[in-house]
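Please read the points below with the structure open beside you. They deal with buried side chains and with charged pairs.

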Amino acid sequence: HGDYIIVRSYDTPEIPDCATHRMEFTRVNDSCFKVINEIKYSPALPSLPRVGVSLQMPGEFDQLEWFGMGPHESYVDRKRGTLIGRFSGSVREQYVPYILPQENGNKTDVSYFSLANEFCRVVFLSDSLMQFSAHDYTAEDLFGCYHTNEVEDILADKTIVTIDHLQRGLGTASCGPETLEKYTITPGTYRFSFYILV
């Protein structure tokens, strides 16, 4: 009846069975799918940066709207200066130009968000609050940049969406204090789901 299941396992030379991700797509009706995720992380792993999924859409889906913390980026340990409300903007406007390009543009406490082109809109919503970001580059692309001006060279005709069940706090002790323990993520089994309406 339209259900589809993907199971992927990830290994490293140091840690066999590093992680397993089971993703189940269930058709709710002709315009709605439920995506159920179960991710198991090996206890041998250190604290995790995030628990979530990433997907790619055509770059023409560049008009963003969300209901959650805004209007600018927020993180689980950095929400001051944000308000709960409905916000919108282009995908390009979500980029925060830190001198050293790094993780940016996350939105927290989100009930739903949508991406639209000239003709249609795709809505992502969840039974519980989620985090997300939308950019026109991948995290791997950004990681290869050392200066803000280099980001222009990696932009492509794509919209990369990251939906997070959990994301670690920003502190990493690279130039300040370590992340507070309550904002870290320990390895284990995590289950979360969201809906896609087209």
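**Note on charged pairs and cores**

1. Asp141 is partly exposed, its relative accessible area being 24%. The model is a predicted one, and the values below are computed from it. Asp141 shares a salt bridge with Lys158, with 3.3 Å from N to O. Asp141 belongs to helix H1 (residues 139-143) and Lys158 to strand E9, so the salt bridge ties together parts that lie 17 residues apart in sequence.

2. Is Lys158 buried or exposed? Lys158 counts as buried, because its relative accessibility is 16% and the cut-off for buried is under 20%. Its partner Asp141, at 24%, is partly exposed.

3. A second pair to look at is Glu65 with Arg121. These two residues form a salt bridge in which the closest N and O atoms are 3.6 Å apart. Glu65 sits in strand E5 and Arg121 in strand E8, and the pair links distant parts of the chain, 56 residues apart. Arg121 is partly exposed, with a relative accessible area of 42%.

4. Which residues are linked with Glu38 in a network of salt bridges? They are Lys40 and Arg191. Between Glu38 and Lys40 the closest N and O atoms are 4.0 Å apart. Lys40 has a relative accessible area of 42% and is partly exposed. By the rule used here, the count of salt bridges comes to 11. As general background, side chains of opposite charge can pair when their charged atoms come close.

5. Now the nonpolar side chains. The largest nonpolar core has 32 residues. Tyr41, Val51, Phe113, Leu115, Phe124, Ile163 and Phe194 are those with the most contacts inside this core. Two or more residues come from each of several strands, including E2 (19-29), E3 (32-41), E4 (50-58), E5 (63-70), E7 (107-116), E9 (158-167) and E10 (189-197). Strand E8 (121-135) is also one of these elements, and E8 gives the most to the core, with five residues.

6. Apart from this core lies another one, of six residues. Among its members are Tyr95, Tyr137, Leu142 and Cys145.

7. What does Phe194 touch, not counting residues up to four places away in sequence? Phe194 touches Phe33, Lys34, Val35, Asn37, Val53, Phe124, Leu125, Ser126 and Ile163. Two of these, Phe124 and Ile163, are also listed with Phe194 among the residues with the most contacts inside the largest nonpolar core.

How values were computed:
Residues numbered from 1 in each chain as written. Predicted model: local features only at pLDDT ≥ 70, side-chain atom pairs only at ≥ 80, totals over all residues. Heavy atoms only, no water. Core = buried A, V, L, I, M, F, W, Y, C linked by side-chain atoms within 4.5 Å. Buried < 20%, exposed > 50% of the residue type's maximum accessible area, 1.4 Å probe, protein only. Helix = DSSP H or I, 4+ residues; strand = E, 2+ residues; numbered from the N terminus. Contact = heavy atoms within 4.5 Å. Salt bridge = Lys/Arg side-chain N within 4 Å of Asp/Glu carboxyl O.
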